[in-house]
Amino acid sequence: MAVSTPALHDALADLVGREHLLRDPAGLARYAVDGLVPGAVARPGSGEEVGRLLALCAAERLAVVPRGAGTAQGLGNPPRRLDLVMELARLATVQEYVPEDMVATVGAGLTLAGLGAHLAPHRQRLALDPPGGGPRSVGGVLATNASGPLRFRYGTGRDLLLGARFVQADGTLTWGGAKVVKSVTGYDVPKLLVGSLGTLGILVEATLRLHPMPPATRSWQVGLPAHAAGAAFLAALVDSPLQPDRAALLDAAGLRRAGLSADPVAILLSIGSVAEAVEQQGRALEVLAARHGGRVEVVGEAAWSALGAAVEAPALLRVASEPRRLLDWVEAGQAAARRLGIEMAVLAQPGHGVVQMAVWGSPDARRLGQDLVQPLRASVEAEGGSLVVERAPVELKRFCEVWGSIQAEILSIMKRIKGEFDFDDMLSPGRFVGGL
């Protein structure tokens with residue numbers, strides 16, 4: 001049965017309510033995924049409704065793409081087919097919160113800003129801060145494995161997700177994981193869901209490990225005269241007693257886009273602790289920066305909030321490699337951008353070797369793929385790293401594999417897992433690695 005039939009629309013409306021079912025053609029266009037427009041958008045209000053929707057879709061063999069806030073909908077290959085977008089914004093409640101345990105169970109549609117406001121009175125936080133993260137949903141951040149400067153100390157979503165309530169492709173509502181930090185069993189399924197882009201199941205609730213807000217915090221921009229000085233400073237920082245909780249590296253274009261002070265390369269750092277320790281580490285940071293020809297400027301929280309502007313571009317690449325090679329790949333990307341006559345801005349996670357390269361004014365997709373994506377990817381992969389096209393026009397996605405190459409044996413394992421979770425290939429078909 002086609003999703004456009006009145007009978008199927010009525011069945012969907014019976015499950016979520018007509019006011020939560022979108023089928024107006026003009027409205028549906030806003031939910032297109034790489035040019036594919038769904039036949040309907042459903043907005044379930046509970047995990048049980050998600051289960052009933054997926055059971056109906058499984059019976060009708062409909063392809064479903066889940067959506068949170070829609071801020072990362074450009075990630076992934078173009079789907080092979082798309083019948084229904086399932087928007088999860090109504091799943092925005094805090095189901096359970098025990099401040100003494102520093103654990104919260106929340107709906108997947110709750111935004112990071114909404115969760116932060118709920119935790120703030122208890123001086124606690126979820127240590128996930130991807131660029132532009134406030135409006136992003138918890139489920140979307142986990143499904144895309146997005147992270148930001150707080151990764152320097154706290155890791156990624158895989159480190160903070162204790163348990164997950166999710167719906168399998170056949171509509172079965174399932175729980176995986178544990179609800180207390182000290183538990184050591186049942187973590188495999190939640191970790192599998194992180195970064196899977198909704199291809200294994202639809203996350204409806206997440207149990208999260210929280211962290212206390214420090215009594216005092218201060219942030220600095222360390223401006224350095226060249227990439228070599230930046231690399232030396234970063235190596236010295238890692239070997240020093242300093243304990244930053246956030247770190248981000250930007251090039252001159254990224255700083256300009258974010259509205260920060262101009263430097264050839266700069267590293268944003270924040271240190272959170274008791275006030276005396278913050279003062280002491282701040283003085284030590286100034287000494288360390290001076291040894292590498294750097295200047296130090298105190299900045300406010302607004303500097304961190306502005307990072308999203310540095311990479312808000314039509315095309316966005318993410319390189320992951322050994323941390324010591326981070327600035328080498330920055331230079332390689334910048335050199336390719338100059339040859340192409342395009343603008344590139346860089347935002348990186350020092351200490352983890354992750355570099356986001358935002359591109360504006362790009363030429364045709366074939367030239368961008370041939371002269372930037374493919375050669376840079378080949379060099380990075382030759383050293384065991386990866387290059388993912390996080391966001392791009394569909395023409396570039398069709399020319400270049402979004403996720404890069406993958407070893408045959410690893411892809412075989414991933415295919416087997418996909419088959420066990422989604423044997424009818426109805427969840428985001430084709431969007432993940434290797435066309436899964």
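The legends below describe an overall view and several close-up views of a predicted model of one protein chain.

**Figure 1. Overall view of the protein chain, with its 17 helices and 19 strands.**
The radius of gyration of the chain is 22 Å, close to the 22 Å that the globule rule gives for 436 residues, so the chain is as compact as a globular protein of that length. Taken along the principal axes, the box filled by the C-alpha atoms is roughly 70 × 55 × 40 Å. Of the 436 residues in the chain, 55% are buried. When contacts between residues at least 6 apart in sequence are considered, 72% of them join residues that are at least 24 apart.

**Figure 2. Close-up of the packing of helix H1 (residues 6–16) with helix H3 (residues 47–60).**
The axes of these two helices come within 9 Å and cross at roughly 160 degrees; because angles over 145 degrees count as roughly antiparallel, H1 and H3 are roughly antiparallel to each other. Their crossing is right-handed. On the side of H1 the contact is made by Leu8, Ala11, Leu12, Leu15 and Val16, while H3 contributes Glu49, Arg52, Leu53, Leu56 and Glu60. Sorted by character, the residues of this contact comprise 7 nonpolar and 3 charged ones, with no polar residue among them.

**Figure 3. Close-up of the packing of helix H14 (residues 326–340) with helix H15 (residues 365–382).**
Here the axes lie 10 Å apart and the helices pack at an angle of about 160 degrees, and H14 and H15 are therefore roughly antiparallel to each other. H14 passes H15 in a right-handed crossing. The residues that make the contact are Trp329, Ala332, Gly333, Ala336, Arg339 and Leu340 of H14, together with Arg367, Leu368, Asp371, Leu372, Leu376, Ser379 and Val380 of H15. In this contact 8 residues are nonpolar, 2 are polar and 3 are charged.

**Figure 4. Close-up of Ser273 in strand E14 (residues 265–273).**
Ser273 has a relative accessible area of 22% and is therefore partly exposed. Leaving aside residues up to four places away in sequence, Ser273 touches Pro214, Pro215, Ala216 and Val278. Val359 stands 86 residues from Ser273 along the chain, and the C-alpha atoms of these two residues are separated by 37 Å.

**Figure 5. Close-up of Gln73 in the loop between strand E3 (64–67) and strand E4 (84–87).**
Although Gln73 belongs to a loop, this residue is buried, with a relative accessible area of 14%. Apart from residues up to four places away in sequence, the residues that Gln73 touches are Val33, Val65, Pro66, Arg67 and Arg431.

**Figure 6. Close-up of Arg61, a residue other than glycine with a positive phi.**
Phi of Arg61 is near 55 degrees, and the residue is placed in the loop between H3 and E3. With a relative accessible area of 53%, Arg61 is exposed.

**Figure 7. Close-up of Asp425 in the segment after helix H17 (408–421).**
Asp425 is not a glycine, yet its phi is positive, at about 55 degrees. The relative accessibility of Asp425 is 23%, and the residue therefore counts as partly exposed.

Methods:
Residues numbered from 1 in each chain as written. Predicted model: local features only at pLDDT ≥ 70, side-chain atom pairs only at ≥ 80, totals over all residues. Heavy atoms only, no water. Axes fitted to C-alpha atoms, helices over the stretch in contact; angles between N-to-C directions. Helix = DSSP H or I, 4+ residues; strand = E, 2+ residues; numbered from the N terminus. Parallel < 35°, antiparallel > 145°, perpendicular 65-115°, else oblique. Left-handed = near helix turned anticlockwise from the far one by under 90°. Contact = heavy atoms within 4.5 Å. Nonpolar A, V, L, I, M, F, W, Y, C, P; charged D, E, K, R; others polar. Rg over C-alpha atoms; globule rule 2.2 N^0.38 Å. Buried < 20%, exposed > 50% of the residue type's maximum accessible area, 1.4 Å probe, protein only.
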